[in-house]
Amino acid sequence: MSTPWSPEQVLAAAPDAASVAAGRKLSGPASWTETGASASPHALWGLCAGSGKKPYQTVIDLAVLAFKCSCPSRKFPCKHSLGLLLLWSSGNVPDQDAPSAFAAEWLEAREKRAARPAAAAGAAPADPAAAARRTARRGEQVSGGVADLDLWLRDQARTGIAGADHAGYALTEPVAARLVDAQAPGLAGAVRQLSSVAASGDGWPGRLLEDLALLRLLVVAHQRLDSLPADLAATVRTRIGYPVRTEDVLAGTPVRDRWDVLALHDSTEDRLTVRRVHLRGTASGRSVLVLSFGARQQPLDASLVPGTTLDADVHLYPGSAAVRGIVGTRYAEPDMLGDAAGESIADAVARWAGAVAADPWTTEIPVVLDAVTVLPSGGGGTTGWRVVDPSGTTLPVHASSSLWVLLAVAGGHPVTVVGDLEHHTLHARSVRTVDGLVTL
């Protein structure tokens with residue numbers, strides 16, 4: 001068997017603090033029977049006593065971190081899965097040659113489901129002509145929506161933006177709804193964001209004009225889509241909201257590396273939960289963001305656990321900046337996080353400049369800042385915080401309550417801070433010290 005996870009790695013996979021507390025209560029041997037762990041398949045299983053006559057059957061596929069439990073919880077992982085992982089972490093799950101019957105049934109079914117898409121990957125579309133017609137029809141719809149947006153942008157330039165800070169969503173919602181109907185969700189989201197910019201306080205006119213100009217640039221780029229370089233055209237299509245199929249991304253040339261999983265952050269956008277996972281290649285030094293999406297109550301990908309290193313292929317999404325990726329073939333089980341260097345603030349800012357030059361609509365890039373010291377403000381709040389690296393270069397840090405955790409973990413010493421760089425401001429997501437990785 002491979003080495004069990006540390007408790008910190010287990011808790012990093014929890015969906016929320018309540019699940020952490022509940023999982024800890026179920027992490028003792030008294031709660032479990034028929035537990036086991038196997039190397040092939042790499043899995044954990046066990047029966048956990050519940051309120052009913054029948055114990056809950058809990059199975060975890062450790063190879064890709066998938067969960068199965070007969071409890072009614074809609075959280076993934078549920079408290080029973082977390083309890084079993086913590087039990088394994090403490091060394092109280094015995095090794096077995098093969099899974100129990102209930103675990104083997106689920107694991108075999110997963111293996112069969114995974115084989116079906118691979119077998120069908122090379123199959124031709126059932127009706128290539130119909131697929132081409134659908135693509136052309138969508139292109140016409142999107143072009144119509146973009147043309148309407150162009151007229152709206154011209155109206156804003158003609159009539160001015162005075163009063164936009166009091167208009168609320170009445171200013172943007174009609175055109176955003178039209179863009180949704182035109183199957184241009186990326187543009188719709190950007191238009192809706194304008195209302196927040198207009199209500200963002202002092203200096204809002206300048207920020208609003210900048211965003212209007214970027215939208216106009218995107219409109220013009222879409223009008224010239226066929227004449228743009230391939231990478232820039234892919235970027236424009238992504239910003240507009242054209243779908244990119246996962247199988248098309250996986251068909252591209254991968255970057256194989258040992259990828260450190262350094263941060264995991266969930267947020268809510270347009271009624272979807274978005275999970276952002278930061279990866280950094282130990283050999284390539286490339287920082288990549290892996291995104292997954294789920295509607296309310298739907299589980300998100302939990303296979304990338306902060307504090308681990310994965311020997312795997314990462315396939316990059318098309319586009320000029322190429323910072324988003326998806327994990328493909330995995331060549332080994334995840335290892336504990338090893339030593340890896342980050343980057344200086346100057347190098348991170350230079351990467352930001354390069355990303356914006358390639359993709360003017362870039363809003364953030366993942367960064368790993370090495371040997372930075374956290375400098376809180378003197379006012380006692382969370383505004384005005386900075387990080388400084390050994391060269392003396394500083395970078396402002398976005399205000400949030402997690403900064404106190406960052407300060408406590410750093411303890412005044414240089415640390416590695418993982419986060420998102422946005423307009424020369426750092427959004428800290430995790431901090432790495434000699435003692436391990438802490439998610440903020």
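Q: How many aromatic pairs does the count come to in this predicted model?
A: This is a predicted model, so keep that in mind for every value here. Ring centres have to lie within 6.5 Å to pair. By that rule the count comes to two aromatic pairs.

Q: W5 and W88 form an aromatic pair, so is it stacked, tilted or edge-to-face?
A: A pair of aromatic rings is described by the distance of the centres and the angle of the planes. For W5 and W88 the centres are 6.1 Å apart and the planes make 55°. Stacked needs under 30 degrees and edge-to-face needs over 60, so the W5 and W88 pair comes out as tilted.

Q: How many residues apart are W5 and W88?
A: W5 belongs to the segment before helix 1 (7-12), while W88 sits in helix 3 (residues 79-89). The pair links distant parts of the chain, with the two residues 83 residues apart.

Q: Is W88 buried or exposed?
A: The cut-off for buried is under 20% relative accessible area. W88 has 3% relative accessibility, so W88 counts as buried. Its partner W5, at a relative accessible area of 10%, is also buried. For W88, then, the word is buried.

Q: What is the angle between the planes of W385 and W404?
A: These two form an aromatic pair with 5.1 Å centre to centre. Edge-to-face asks for planes over 60 degrees apart, and this pair is edge-to-face. The angle between the planes is 90°.

Q: Which residue of the W385 and W404 pair counts as partly exposed?
A: W385 is in the loop between strand 11 (365-375) and strand 12 (386-388), and W404 is in helix 13 (residues 403-410). At 1% relative accessibility, W385 counts as buried. The partly exposed range lies between 20% and 50%, so the 41% residue is the one asked for: W404.

Q: Which ring does the charged end of R256 sit over?
A: To count, CZ of Arg must be within 6 Å of the ring centre. The charged end of R256 is 3.6 Å from the centre of its ring. Elsewhere, R324 lies over the face of Y317, at 4.0 Å from the ring centre. For R256, the ring is that of Y331.

Q: Which strands stand at the edges of the four-strand sheet?
A: The open sheet runs in the order 1-2-3-4 with antiparallel pairing. The edge strands each have a single partner strand, so one side of each is left without a neighbour in the sheet. They are strand 1 (32-39) and strand 4 (66-69).

Q: Which residue of strand 3 stands opposite W45?
A: Strand 2 (residues 42-48) and strand 3 (residues 56-61) pair in the antiparallel sense over six bridges. Opposite W45 in strand 3 stands V59.

Note on methods: Residues numbered from 1 in each chain as written. Predicted model: local features only at pLDDT ≥ 70, side-chain atom pairs only at ≥ 80, totals over all residues. Heavy atoms only, no water. Pairing = 2+ DSSP bridges. Phe/Tyr/Trp six-rings, centres within 6.5 Å; stacked < 30°, edge-to-face > 60°. Buried < 20%, exposed > 50% of the residue type's maximum accessible area, 1.4 Å probe, protein only. Lys NZ or Arg CZ within 6 Å of the ring centre and 35° of its normal.
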